[in-house]
Amino acid sequence: MPPDAPLPPWRWPESRWRAAVGRARAGRSLHPATWPGGARCAFAISFDADHDTIPLRDGDESPMRISQGHYGNRRGVPRIRALLQRHGVPATFFYPAVSALLYPEELRGIVADGHEIGIHSWIHERNTHLDAETEMDLTSRARDVLQDISRSPVVGIRTASWDFSVATLPIIRQMGLLYDSSLMADDDPYELMQDGEATGVAELPPEWIRDDAVYFNFDRFSALRPYTAPRDVLDIFMAEFQGAHDEGGLFLLTLHPHISGHRSRIGVIASLLEAARRKGDVWFATHEQVATWCMAQSNGKTS
C-alpha cells in the first residue's frame, strides 16, 4: 500500500470508528407520554417537491426528464393540495430552493393552505460531495429563498436524498434549526447527539420503507426497472401506520408530487388518510408541530 493511501476501515484505530458513529448519533427518545388531545399516535405526511431539480442536479438538460419533474408542479401538487384540503390534513412540503424559484406561486399557495415549508437543499445536490463551506452556503441561501418567497419562517430541514455529510449537523446547529428529518435511528422522534453532546435538535426519522420513490421510480436505461403496484404500496404503508398506532408512536410518510401525484397513485394517499381518520384518535400534524410538541414534552412542559 502506498504510504499516502487512505487506511482501509479494517485498519482504522478505535478512535476513528468511534468518532464516525458519534458525529450524529441518536440521543434521548423524544417519544412523548401523550399526544395532543389524547391522540393515540401522530401522523406526519410530507412531500419533497423536487420537481425539475433531479435532472438539473446531474447537469442533465434533457427536456424529457425535466418534464417528468414539471409534472409535480403542473398536476401533482394541485391534486395533493385538493386531497389534503378535503381531509383537513396539514402537511410539510420540503423544497429545493430552485423548485421554489421556478414555482413561487405554488409555494405561496401551499403556505396559504396552512402547510409548512422546509429546506430540501439548493438544487437537490448531494451533501457528501460538497465541502463544508459550500454546503453551508447552499443551505443558508436555500432557507433565505424559502423564507423570502413564502413570507414565513423555516425551522426544519430534510437533506436531498437524505444525504447527510459530516458537516451537516454542525450546519443545522449553526443555523438554529428546530429539527431534521433525514436520519433513521428510530421509528419515533429523538434528540440528535454530536460527539456525545446533546444538540437540542429534534430528529423526525424517515425511512425508505415509508417513501414512494423506492417503489415507483423507473429508469428506462436500466436493466432493472422496479415497479410496485399502488395496492401493494398501500399495504406496506398501512402496515407501517398500524404499527405506529399500536405503539402509540409517530407515522411519518415521505412522498413526492411528481411520483405520487399521478392518477393511479393519488388513491394510496387518500386511502391512508381515510383509514387514519376512521381510527378517531390520530393527531395530524406538520413536522414543525410534532418537533415542537415532542421537545416541549421532553422538557417537562405540557403545551
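# A quick tour of this predicted model

Phe-43, Phe-241, Phe-251 and Phe-284 come together as one aromatic cluster. Keep in mind as you look around that this is a predicted model. Besides the aromatic rings, we'll visit some salt bridges, two surface patches, two histidines with an unusual sign of phi, and one pair of residues set well apart in space.

**Aromatic rings**

- Across the structure, the tally is 10 aromatic pairs.
- Let's start with Phe-43 and Phe-284, a tilted pair whose ring centres are 5.1 Å apart, with 40° between the planes.
- Where do Phe-43 and Phe-284 sit in the chain? Phe-43 belongs to strand β2 (residues 41-48) and Phe-284 to strand β10 (residues 282-284), so to speak two distant parts of the chain, 241 residues apart, linked by this pair.
- Phe-43 is buried, because its relative accessibility is 0%, and Phe-284 is buried too, at 9%.
- Next come Phe-47 and Phe-93: their ring centres are also listed at 5.1 Å, but the planes make an angle of 25°, so this pair counts as stacked.
- The angle is what decides that label, because planes under 30 degrees apart count as stacked.
- Phe-47 is in strand β2 and Phe-93 in strand β3 (residues 92-95), so here again distant parts of the chain are linked, this time 46 residues apart.
- Buried or exposed? Both Phe-47 and Phe-93 turn out to be buried.

**Salt bridges**

- How many salt bridges does the structure hold? The count is 11.
- One of them joins the side chains of Glu-14 and Arg-18, with N and O 2.5 Å apart.
- Glu-14 and Arg-18 both sit in helix α1 (residues 14-22), and because they are four residues apart there, about one helical turn separates them.
- Glu-14 is partly exposed, with 43% relative accessibility.
- Another salt bridge pairs Arg-158 with Asp-48, and their closest N and O atoms are 2.9 Å apart.
- Arg-158 is in the loop between β5 (156-157) and α7 (168-175), while Asp-48 is in strand β2, so this bridge ties together parts that are 110 residues apart in sequence.
- Both ends of that bridge are tucked away: Arg-158 is buried at 0% relative accessible area, and Asp-48 is buried at 3%.
- Arg-210 and Glu-240 make a further salt bridge, where the closest N and O atoms are 3.1 Å apart.
- That one connects distant parts of the chain, since Arg-210 lies in the loop between β8 (197-203) and α8 (213-216) and Glu-240 lies in helix α9 (residues 230-247), 30 residues apart.
- Arg-210 is buried, with a relative accessible area of 3%, whereas Glu-240 is partly exposed, with 24%.
- Finally, Arg-57, Asp-58 and Arg-126 are joined into one network by salt bridges that share partners.

**Patches on the surface**

- Which residues gather in a patch of negative charge on the surface? They are Asp-186, Asp-187, Asp-246 and Glu-247.
- Take Asp-187 from that group: you'll find it in the loop between β6 (179-180) and β7 (190-194).
- Asp-187 counts as partly exposed, because its relative accessibility is 43%.
- There is a nonpolar surface patch as well, about 240 Å² in area, made by Met-184, Trp-208 and Val-214.
- Trp-208 is located in the loop between β8 and α8, and at 38% relative accessibility it is partly exposed.

**Two histidines with positive phi**

- His-51 has a phi near 50°, which is a positive value in a residue other than glycine.
- His-51 is in the loop between β2 and α2 (53-57), and it is buried, with a relative accessible area of 2%.
- His-124 also has a positive phi without being glycine, with a value near 65°.
- Look for His-124 in the loop between β4 (116-119) and α6 (132-150); it is buried, with a relative accessible area of 3%.

**A pair set apart**

- Ile-66 is part of helix α3 (residues 63-87) and is partly exposed, with a relative accessible area of 21%.
- What separates the C-alpha atoms of Ile-66 and Arg-16? The separation is 42 Å, for two residues that are 50 residues apart along the chain.

Methods: Residues are numbered from 1 along each chain as its sequence is written. This is a predicted model: local features need pLDDT of at least 70, side-chain atom pairs count only at pLDDT 80 or more; totals for chains, interfaces and linings use all residues. Side-chain values use heavy atoms; hydrogens and water are left out. Patches are made of residues with over 30% relative accessible area and no salt bridge: like charges are joined within 9 Å, nonpolar side chains (Val, Leu, Ile, Met, Phe, Trp, Tyr) within 5 Å. Accessible areas come from the Shrake-Rupley method with a 1.4 Å probe; for residues, only the protein chains shown count as cover. A salt bridge is a side-chain nitrogen of Lys or Arg within 4 Å of a carboxyl oxygen of Asp or Glu. Lys and Arg count as positive and Asp and Glu as negative; His and the chain ends are not counted. The place of a charge is taken as NZ of Lys, CZ of Arg, CG of Asp or CD of Glu. Buried means under 20% relative accessible area, exposed over 50%, partly exposed in between (1.4 Å probe, protein chains only). Rings of Phe, Tyr and Trp (its six-membered ring) pair if their centres lie within 6.5 Å; planes under 30 degrees apart count as stacked, over 60 as edge-to-face and the rest as tilted.
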